[in-house]
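Here's a quick tour of one protein model, for anyone who likes helix packing and odd backbone angles. Have a look at it first, then read on.

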Amino acid sequence: LEKIVDLKRMESADSLQPNEVSRLVIKLADLSEDAEVFNPFSGLASFGVCLRNRQNYYAQEISKNVWSLGILRLMAHALSTEGFKNDDSTDNWPVHKSFDLVTCIPPFGRWRRENIDSKNGEYTLRSGFSYAIDNAINSIKDDGCVIIVAPESFFFSQSKNEVDQKKYLIVNNYVDKIISLPAGIFYNTGVKTSIIILRKDRQND
């Protein structure tokens with residue numbers, strides 16, 4: 001996969017993430033043996049290959065080329081491919097199902113459609129990241145968690161929409177942890193990132 005990225009510079013370059021990040025996210029989630037995991041914007045199923053056999057992996061990847069490589073990758077790890085769909089997470093987010101974990105690295109700064117009004121507050125979703133985090137918090141079970149890799153610019157943005165979204169997360173006591181990652185760890189981008197962990201069942205203020 002790394003050779004494909006280096007030689008062809010194809011779209012999978014944006015979909016291949018460091019194994020260390022994938023393993024860290026799954027370790028932080030501390031999942032049960034039969035956990036249900038949803039991975040929108042899944043790329044090459046990098047989170048999926050870190051799961052155990054009895055854990056249920058549901059994922060969506062819009063690019064057919066990237067999705068096909070992801071299928072092969074899951075097969076190489078002797079994992080089920082049944083829940084991995086060639087689908088658009090923006091248009092077909094599974095709103096009627098709840099998960100133990102929703103995790104992804106959403107597209108940074110790229111948005112293919114009109115701005116969307118949030119279902120959680122009076123603000124507008126203007127990026128793939130804002131859309132992912134807004135939907136993810138509505139898609140977890142009461143004791144589930146959201147773990148998303150976020151561009152660090154989100155935490156310092158003074159945009160009214162992003163300020164209002166952050167305020168919503170804080171007021172509702174959803175923010176559990178923020179873990180800063182080193183710069184330059186992702187292929188084809190030097191964007192500084194952090195892992196944000198959200199939970200509905202937090203007891204601490």
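What follows goes from the whole chain to one helix pair and then to two backbone oddities.

## The overall picture

Keep in mind that this is a predicted model. The protein has 6 helices and 9 strands. Of its 205 residues, 52% are buried.

As for the outside, the accessible surface adds up to about 10600 Å², and carbon and sulfur atoms account for 48% of that. Contacts reach far along the chain, too: take those between residues at least 6 apart in sequence, and 63% of them join residues at least 24 apart.

## Helix H4, under cover

H4 spans residues 128–137, and it's mostly covered, with 10 of its 10 residues buried. The buried list includes the aromatic pair Phe-129 and Tyr-131. Gly-128, Ser-130, Asp-134 and Asn-135 are also among the buried residues of H4, as are Ala-132, Ile-133, Ala-136 and Ile-137.

## How H4 meets H6

One partner of H4 is helix H6, residues 160–171. The two pack at an angle of about 25°, and their axes are 12 Å apart. That angle makes H4 roughly parallel to H6, since the cut-off for that label is under 35 degrees. The crossing of H4 past H6 is left-handed.

Which residues do the meeting? From H4 come Ser-130, Ile-133 and Asp-134, and from H6 come Glu-162, Gln-165 and Leu-169. It's an even mix: the contact residues split into 2 nonpolar, 2 polar and 2 charged. The three from H4 also turn up among that helix's buried residues.

## Two residues with positive phi

Most residues other than glycine have a negative phi. Phe-41 goes the other way: it isn't a glycine, yet its phi is positive, at about 50°. You'll find Phe-41 in the loop between strand S1 (36–39) and strand S2 (56–60). Is this loop residue buried or exposed? Phe-41 has a relative accessible area of 18%, so it is buried, the limit being under 20%.

Asn-173 is another residue other than glycine with a positive phi, this one near 60°. Asn-173 sits in the loop between H6 and strand S8 (175–180). Its relative accessibility is 18%, so Asn-173 counts as buried.

Methods:
Residues numbered from 1 in each chain as written. Predicted model: local features only at pLDDT ≥ 70, side-chain atom pairs only at ≥ 80, totals over all residues. Heavy atoms only, no water. Axes fitted to C-alpha atoms, helices over the stretch in contact; angles between N-to-C directions. Helix = DSSP H or I, 4+ residues; strand = E, 2+ residues; numbered from the N terminus. Parallel < 35°, antiparallel > 145°, perpendicular 65-115°, else oblique. Left-handed = near helix turned anticlockwise from the far one by under 90°. Contact = heavy atoms within 4.5 Å. Nonpolar A, V, L, I, M, F, W, Y, C, P; charged D, E, K, R; others polar. Buried < 20%, exposed > 50% of the residue type's maximum accessible area, 1.4 Å probe, protein only. Areas by Shrake-Rupley, 256 points an atom, 1.4 Å probe, with all protein chains shown as cover.
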